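Trainee: I would like to go through the empty spaces and the domain contacts of this model.
Mentor: Then put the structure up and start with the enclosed space.

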Amino acid sequence: MAVDLLLGLQWGDEGKGKIVDVLTSNYNIIARFQGGPNAGHTLEFDGIKHVLRTIPSGIFHKESINVIGNGVVIDPVVFAKELEGLDQFNIDYKKKLIISRKAHVILPTHRLLDAASEASKGKAKIGSTLKGIGPTYMDKTGRNGIRVGDLELADWKEKYRALADKHEAMIKFYNVDVQYDLEEMEAEFFEAVEVLKSLQFIDSEEYLYQAQKAGKSILAEGAQGSLLDIDFGTYPFVTSSNTTAAGACTGLGVAPNQIGDVYGIFKAYTTRVGSGPFPTELFDEVGKKMAKIGNEFGAVTGRARRCGWLDLVALKYACQVNGVTKLMMMKGDVLSGFKALKVCTSYNYKGETITHLPYNIEPENITPIYTELKGWKEDLTKMTETSQFPKELNDYIDFLEKELEIPIHVVSVGPDRKQTIFR
């Protein structure tokens, strides 16, 4: 069986968690392939809102097995709290949740390093969530990291001590004021490691290979968004892992020729958290209205999201590098009530009109060129089928499909899993 992928196509926060939750009933295994606990996947059903950070979004389905792949970095403290949050729902996560031995572990000193590094940058800061994710990936590529499989070794704490001591020396090098009590942080960390060790560790590449051979259906779940990819995103304002389709192969050990459908998720408009260029960003009342209606605040960080019109230049680029086969448009309901809608279809780049994403999209180089479409007044949140859509919404969808040359398979009209309309 092929492995299907589900990816965000913008700067994250597209609504991946909800769609994974909706699609899980079609899959035996949900596998997270990259990122860390800065990614908040929000799911809403039965009147309850859930925010997952590391655990795959299929955890609330009784039949699904959830795999945390080798490309993920895990903070045991955050992870233990996340498990604690599941206890009230009587989820047997010791049977349903398994972890790759090759996944890297976020140490308390990784978080301190993150804070020191960001503080040292001053106004040039990149907008890190300070979860220790960047420094953990740096240790991974620097071949210094501690992996989940190391926790099974008798001497893993010696390896921990050597790395933590190295981190403290690096923190001093930054020469910034970072206050901390490492003993207190370590006590919490070691306790959380024991919780982590109570779960099943696996060689995930072998597990998924055998699952495929046995005919199991697998959905690979990404975190963040394609424009935050370490290689193909708006560098340096990106995350520390490959958020694109290629990251699923390296983050799970799945061969490229085993990839099936690639589901690309995007909002009907665009948002971004933190620093970095954003060509279609709105600084007026329209942008404020979008943010208010869309409740645009980070699920984990609480940070306000910057809002703007849909950028088709960036979206086409993301579809291209991911090989997207089906699109899913989220938050269509947020655009209800806007008299006119704008879609960026090209850029004025240094005096030239272009339709591809260039190396540099800083505002001094880029001016978005818009196509204007008519808006709609109708409330979409109670609609259950496409026949109820206003003509203007259908025109908007048709326009996007024509431009992107990929079918829009799903339209989301609200946060609840029931507010998902298949086309």
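Trainee: How many cavities of 30 Å³ or more does a search of the whole structure find?
Mentor: Keep in mind that this is a predicted model. A cavity counts here when a 1.4 Å probe fits but cannot get out. With the threshold at 30 Å³, the search over the whole structure returns 1 cavity.

Trainee: What volume does the largest cavity have?
Mentor: The volume is the space filled by probe spheres set on the grid points. For the largest cavity this comes to about 30 Å³.

Trainee: How do the residues of the lining of the largest cavity divide into nonpolar, polar and charged?
Mentor: The lining consists of Leu 9, Gln 10, Leu 227, Thr 270, Asp 311, Ala 314 and Leu 315. Leu and Ala count as nonpolar, Asp as charged, and Gln and Thr fall among the others, as polar. The division is therefore 4 nonpolar, 2 polar and 1 charged.

Trainee: Between which domains does the largest cavity lie?
Mentor: The domain assignment gives domain 1 (3-100 + 201-263), domain 2 (104-196) and domain 3 (267-422). The lining takes residues from two of these, so the largest cavity lies between domain 1 and domain 3.

Trainee: Which domains each give at least three residues to the lining of the second largest pocket?
Mentor: This pocket has a volume of about 320 Å³ and 13 lining residues, with Gly 233, Thr 234, Tyr 235, Tyr 359 and Asn 360 nearest its centre. Its lining divides into 8 nonpolar, 3 polar and 2 charged residues. The domains that each supply at least three of the lining residues are domain 1 and domain 3.

Trainee: Which three residues supply 30% of the area that domain 1 buries against domain 2?
Mentor: The C-alpha centres of the two domains lie 23 Å apart, and 25 residues of domain 1 are in contact with 21 residues of domain 2. The area buried between domain 1 and domain 2 is about 2000 Å², with 69% from carbon and sulfur atoms. On the domain 1 side, the three that supply more than any other three residues are Val 73, Pro 76 and Phe 201.

Trainee: How far apart are the closest N and O atoms of Arg 111 and Asp 75?
Mentor: Between domain 1 and domain 2 there are 2 salt bridges and 6 residue pairs in polar contact. Arg 111 forms a salt bridge with Asp 75, and the N to O distance is 3.3 Å.

Terms used: Residues numbered from 1 in each chain as written. Predicted model: local features only at pLDDT ≥ 70, side-chain atom pairs only at ≥ 80, totals over all residues. Heavy atoms only, no water. 1 Å grid on protein atoms, 1.4 Å probe; cavity = no way out; pocket = protein on both sides within 12 Å on 5 of 7 lines; lining within 4 Å. Domains from an automatic or database assignment. Contact = heavy atoms within 4.5 Å. Buried area = accessible area lost by both parts, 1.4 Å probe. Salt bridge = Lys/Arg side-chain N within 4 Å of Asp/Glu carboxyl O. Polar contact = N/O pair within 3.5 Å; in protein donor to acceptor, adjacent residues only side chain to side chain.
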